[in-house]
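Me: Hi! I would like a close look at one part of this model, with the neighbouring pieces brought in where they help.

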Amino acid sequence: MTLETKSNPSRQKKIRKPTTSWAAVFLVAFLLLQTSRLDSNAKPASNAFHDDQILVMPRKDTNAKTLLLFHAEHKAEVVRTFEGIRGLQVVRVPEGETAERIAAAYEKSGLVEFAEPDYAIHAALTPNDPYFVDGTLWGLNNTGQNGKADADIDAPEAWDVLNSASNIVVAVLDTGVRFTHEDLAANIWVNPNDGGHGFNAFTGTNDVADENGHGTLVSGVLGAVGNNGKGVTGVAWRVQMMAGKCLDSSGSGSNSTLIACMEYARTNGAKIVNASLDSPTFSLAVSNAILALRDAGIIFVASAGNNGANIDTSPRYPACYEIDNIVSVGASTRLDTVWSLSNFGATNVDIFAPGEQIQTTWSPSDNFYTSIFSGTSYSAPYVSGALALLLARYPLETHQQIISRLMNGADHVPDFAGKCVTGGRLNLRNALSPPITLAVLPTAASQPFQLRLSGGPNRLCVIDSTTNLISWLPVYTNTTAADGTFDFTDPASTNSPRRFFRAVAAP
Ligand code: CA
Ligand code: CA
C-alpha cells in the first residue's frame, strides 16, 4: 500500500508554498493509528531559521510570573506577545545560546505547549530572466499558459534546493556555440591551457564558433545564465559548457568527428556529454568510445530522434547502444503528451523532457532568442542540465546512482506509459530532493505497528511521534537504503494511546 501525498493534492499545494527554502520542503505524513487515516503536512527543515529568536506558546495553566522567572533565569527577552494567539511569545535567544538548545530547554520546563525556532519562510525561488517571468519557458514552470498546468519539470521548486552546478563541466557535442552570447558567455567552459572553449573536430583547433546555430540553441536550454535579468534561464543557472564541434555549418558530421569530440570531453574534465544528434547506423567505434566514457564515470545524454518512430524496432544511435551510462530522451509537449515527431521506445528511450517550442539562445547575434524550434534536441539538454545539478548535489555518487535519481524522479504521466523505461517525464524537483512519505505496512492486529519511510537513497531521516499534534518527539532515525526506504517497527504500538507519526529529513 502506498500512501502518497497525492491523495490530498489541494492541501499539499496550499501548504507547500511558504516553506520552499533550501532543503525546506519536506512532505510529512501523519498517520492516525486508530483509524489509519492518512493526511499530509509540511514542515520546514530545522536548519532554516533565524537563529536569534524562538516562538513559545505558554501552557494555559502556566503562571505568568513563573514563566517570567524562567525567561529571566535564561536571560531570554520576550520581544513580542500575540494575545490573540493564546499568548504566543517571540523570545530573543540569549548570547551564547542556540535557538535549538533554548527551545529544547523551554519544552523541557513543562511551562510551554511548545517552543520552536523562528523558521525562515520566503517566496519560491524564481529567476528574473524575462522569458521565464512572462511564462514563455513553459517547460521549466507551466501554470497552464497555452497548455496544461504543471506539464513542466518543477524547476522553481528544484531551484530552491539547488540551482548552480558551477563546478560541473558538460560537453555539448554539436555545431559549436556562440560563446559570446550575452546569456551564455558566463557559463562557457574555459580551457585553462589555451583559453579556448572546446574542440573543433573538423580543423583540429579550438575554434568552436557556431556556423549553424543548433549548438547555441541546445546550450541555452542546458545552461543559459539564470537570474541575470536577461533572456532565458537554463535548467542549471550556473554550469560550465564545453563545446565539441562535431557537426558543421549544415549540421552534419561523421562518427569520427563525434568520437574526436568525445575523446576531448573525456580528457578535459567533462562529467556529462550532451549529444543532440542521431544516426540510423550502428557503429562499433562509437559504442567503444561511449564505453570509454562509461569507464571514466561520464554520463552520455542522447536525444531519441525526431522520426515519430518506435526505436525499439527502428533503432537510432547513439540512443540505442546498450551501455549503462546512456540516458536517451524523448520530447514532451506543453500538454504533457509525446511530441508528434518524437521517437519513443519502452526499452530504448529512458525518459521524456520538454521539447516543443522551446525558447532559447540563438546564434545570429549576442542577444538573439527564439522559440521556433521543437524536437528531442532540446529535450536532451533539459536532462543534461538536470544531471549537472544532481552531480553537483551528490558529487560522490556513481553515474548509475545519479542516473537512478533522475529516473526515479520522473513524473508518471499517462501519455508516456509504455513509451519509455520510466513511463514518465523529467521532474527535477523529485530527482534533486525526493518527497519524504510514510506508508503503513500491513501487519496482523496483535503485531507491532510498522511503517515504511520513502525519501530517496542514502538520506538521513527522522520519524517523529506525538499524541497531541503539538509536541513531537523523534522516535527513530535511520539512513534510507539504496532503494530509498527504511522500515520502522513501533514496539509500543500495541498498548499505547493514539499516536501520530511524521517523517522529516534530518537536519
Ligand atoms: Ca510545476
Ligand atoms: Ca538569463
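In what order do the 7 strands of the open sheet run, and is the pairing parallel or antiparallel?

Reply: Happy to walk through it. This is a predicted model, in which local features need pLDDT of at least 70, side-chain atom pairs count only at pLDDT 80 or more, and totals for chains, interfaces and linings use all residues. Residues are numbered from 1 along each chain as its sequence is written, chains are lettered from A and ligands numbered from 1 in the order in which they are written, and side-chain values use heavy atoms, with hydrogens and water left out.

Now to your sheet. Its order is β8-β9-β7-β10-β11-β12-β13, and the pairing is parallel. Strands here are DSSP runs of E with at least two residues, numbered from the N terminus, and two of them pair if DSSP finds at least two bridges between them. At the edges sit β8 (198–200) and β13 (351–354), each of which pairs on one side only. From one strand to the next the twist averages 30°, with axes taken as lines fitted to C-alpha atoms and angles running from 0 to 180 degrees between N-to-C directions.

Zooming in on one pair, β11 (residues 299–303) and β12 (residues 326–332) are joined in the parallel sense over 4 bridges. Val301 has Val327 of β12 as its bridge partner. As background, strands of a sheet pair through backbone hydrogen bonds, either parallel or antiparallel.

For the antiparallel case, look at the open sheet of 3 strands, ordered β19-β18-β21. Its edge strands are β19 (473–479) and β21 (500–505), each pairing on one side only. The twist there averages 25° from one strand to the next. Strand β18 (residues 460–466) pairs with β21 over 6 bridges in the antiparallel sense, and Asp464 stands opposite Arg502 in β21.

There is also an antiparallel hairpin: β4 (residues 77–82) pairs with β5 (residues 88–92) over 5 bridges. Phe82 has Leu88 in β5 as its bridge partner. The hairpin has 5 residues between the strands, and Arg86 takes a positive phi near 50°.

Further along the chain, the loop between β14 (360–361) and β15 (369–370) holds Ser363. Ser363 counts as buried because its relative accessible area is 12%; buried means under 20%, exposed over 50% and partly exposed in between, with a 1.4 Å probe and protein chains only. Leaving out residues up to four places away in sequence, Ser363 touches Arg178, Asp210, Asn212, Gly213 and Thr216, where contact means heavy atoms within 4.5 Å.

Finally, the metals. Donors are N, O and S atoms within 2.8 Å of the metal (3.2 Å for Na, K and Ca), and since water is not among the atoms, sites may look incomplete. The calcium ion (ligand 2) has protein donors at 2.2 to 2.6 Å, including Asp129 (OD), Asn228 (OD1) and Val232 (O). Its donor residues are spaced D-x53-D-x41-V-x2-N-x1-K-x1-V in sequence. Among them, Asn228 is partly exposed because its relative accessibility is 29%, whereas Val232, at 0%, is buried.

The calcium ion (ligand 1) has Asp150 (OD), Asp152 (OD), Asp152 (OD) and Asp154 (OD) as its protein donors, 2.1 to 2.6 Å away. Here the spacing of the donor residues is D-x1-D-x1-D. Asp150 is partly exposed with a relative accessible area of 32%, while Asp154 is buried at 8%.
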